[in-house]
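Thank you all for coming; I would like to take a few minutes to walk through one structure with you. Please have a look at the sequence and the model on the screen, and then we will begin with the cysteines.

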Amino acid sequence: MKTLNVLFLAAEADPLVKVGGLGDVAGSLPLALRGLPAEAHTNCRVDVRLLLPYHDAVRQKLPSPDFLFSFPVESKTGARTAEVFQSEVNGVPLYLIGGEPIANSPVYSPDSAADGRKYVFFSAAALKLLERLEWKADVVHANDWHTALVVYLLSLRRKASPAAWNPKTIFTMHNLPFMGAGTDAAFDDYGIPPSRYSLVPWWGKKFPLPLAVQTADRVTTVSKTYAQEILTPEFGCGLEKLLQTRHKVVSGIVNGLDMDAWDPSADARIPASFSAETLDQRAANKEALAREFDLDTNPAVPLLVLVSRMDQQKGVDLAVEGLASLADRDWQAILLGTGNPDLEDACRKLESALPKRVRAAIRFDVNLSRRMYAGGDILLMPSRYEPCGLAQMMAMRYGCIPLARATGGLQDTISDISANPESGTGFLFKPAAAEDFAGALTRALDLFKDRQAWQAMQKRGMRQDFSWSKSALEYLRLYQSLGLR
Ligand code: GLC
């Protein structure tokens with residue numbers, strides 16, 4: 001049996017370093033790929049390995065990985081040393097690249113030029129690492145702009161020496177609007193030629209993301225609907241023409257959820273465990289959550305929760321405005337998250353306007369998010385765009401019904417109850433407007449009174465299979481379609 005070698009690159013991977021959803025995916029997908037049952041590997045085995053920058057945050061968790069080798073990465077302002085280490089995380093072989101541009105800098109810096117220096121250095125070093133390793137990658141799988149440049153550098157290498165070892169490339173987009181603006185100076189410093197392709201917009205000729213879209217053998221994003229949406233001007237962020245010309249190699253594979261890490265029957269961080277079979281025990285979580293926030297405890301009043309980065313993407317403003325417009329209805333709400341100060345303020349203002357029933361928890365608190373999924377009745381997720389989204393899956397798993405915009409991964413993972421009375425798992429609305437949000441919320445508040453229908457919907461959500469195995473298999477097939485020589 002042949003072995004297919006895949007190097008998976010990302011800026012972050014749980015449990016070593018996690019800032020957002022990318023960290024969840026890079027933490028669980030390589031693991032899921034390695035864990036696929038033997039039947040899945042019909043004609044080959046996959047050896048997936050992870051490559052991360054040796055961020056300070058990673059250094060704290062893994063202070064002494066095995067040193068492999070070091071080499072200089074040349075630039076106009078002088079050579080910088082890249083140090084390569086080897087380790088393992090949850091059984092997945094791990095390579096780390098350290099060096100001056102990576103040390104003493106957060107994973108994502110507010111200074112985009114610093115991030116440019118860091119990730120351009122990382123990508124240039126990753127190319128050299130690929131060349132030096134005895135283990136030869138058949139497929140290089142890069143994620144988001146931070147590692148996108150490897151794909152472009154490999155394409156230049158392939159052009160220059162087509163007969164040499166040249167791995168195939170996959171580029172996955174978790175967040176299209178972040179393209180790597182700020183990398184210009186680093187491109188010049190490391191002597192990386194800008195794109196000359198006419199369909200890469202003039203402003204993006206030195207952005208890693210468009211260059212990977214231009215040159216990758218396959219481009220994927222994290223849901224089927226989003227893969228379609230990005231071909232349109234509304235979602236394409238100026239790259240829709242480029243993406244359209246590449247539509248034959250663009251596809252969507254929905255993210256999975258770590259079903260063991262998110263299991264309400266075995267979660268020590270929630271007050272009362274429960275399952276679809278013991279749903280009545282869930283009530284204790286709602287009561288505890290209301291008490292924690294000094295809200296009246298009343299099972300008949302729906303408790304709405306929002307767990308989100310406070311970002312324009314997430315449509316927090318739509319939720320705040322929509323909630324204010326439904327002040328004459330009976331509900332309570334807890335809004336959790338940090339980010340844009342204006343949106344944080346809008347949440348605080350709603351709390352001051354409706355002090356008996358709204359709480360704004362302006363912080364990042366993973367454990368609280370678990371208590372909110374376990375105790376809340378409805379999760380609000382009115383995202384303007386959502387490549388996949390994970391919160392809606394976590395919420396459903398914990399019996400909290402999602403109310404979301406019908407976009408991207410939200411549309412692919414939630415079935416609207418009004419359209420599908422027998423199989424629905426949530427509430428969807430289309431236009432990104434507060435009144436449409438309010439319309440969906442009105443439907444939800446009405447249905448909440450029908451206890452039987454509500455519980456049936458909760459159980460359907462809890463029984464959904466969001467596990468990684470199906471999506472991991474899709475990635476495996478994609479690798480196989482490219483990598484076997
Ligand atoms: C980004 C996207 C989110 C997706 C996550 C992981 O954070 O905004 O929709 O779920 O990446 O792919």
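The sulfur of Cys388 has its closest cysteine sulfur in Cys237, 17 Å away, and because that is too far for a bond, Cys388 is a good place to start on disulfides. A disulfide is a covalent bond between the sulfur atoms of two cysteines. Here a pair of cysteine sulfur atoms within 2.5 Å is counted as a disulfide, and by this rule the count comes to zero. Cys347 is likewise in no disulfide, with the nearest cysteine sulfur, that of Cys400, 17 Å away.

I should say early on that this is a predicted model, in which local features need pLDDT of at least 70 and side-chain atom pairs count only at pLDDT 80 or more, while totals for chains, interfaces and linings use all residues. Residues are numbered from 1 along each chain as its sequence is written, and side-chain values use heavy atoms, with hydrogens and water left out.

Are these two cysteines, Cys347 and Cys388, buried or exposed? Buried means under 20% relative accessible area, exposed means over 50%, and partly exposed lies in between, with a 1.4 Å probe and protein chains only. Cys347 is at 0% relative accessibility and therefore counts as buried, and Cys388, at 2%, counts as buried too.

Cys388 also brings us to the ligand, since a backbone N or O atom of Cys388 lies 3.0 Å from a ligand oxygen atom, which falls under the heading of polar contacts, meaning pairs of N or O atoms within 3.5 Å. His174 places a polar side-chain atom 2.6 Å from an oxygen atom of the ligand, and for Glu386 a polar side-chain atom lies 2.6 Å from a ligand oxygen atom. On its own the ligand has 310 Å² of accessible area, of which the protein covers 92%, by the Shrake-Rupley method with a 1.4 Å probe. Among the residues that surround the ligand, with a heavy atom within 4 Å, are Gly21, Leu22, Asn255 and Gln313.

Finally, the domains: an automatic or database assignment gives domain 1 (2-256 + 469-480) and domain 2 (276-464). Their centres, taken over C-alpha atoms, are separated by 34 Å, and 16 residues of domain 1 are in contact with 15 residues of domain 2, where contact means heavy atoms within 4.5 Å. The shell around the ligand draws at least three residues from each of domain 1 and domain 2.

Technical notes. Polar contact = N/O pair within 3.5 Å; in protein donor to acceptor, adjacent residues only side chain to side chain.
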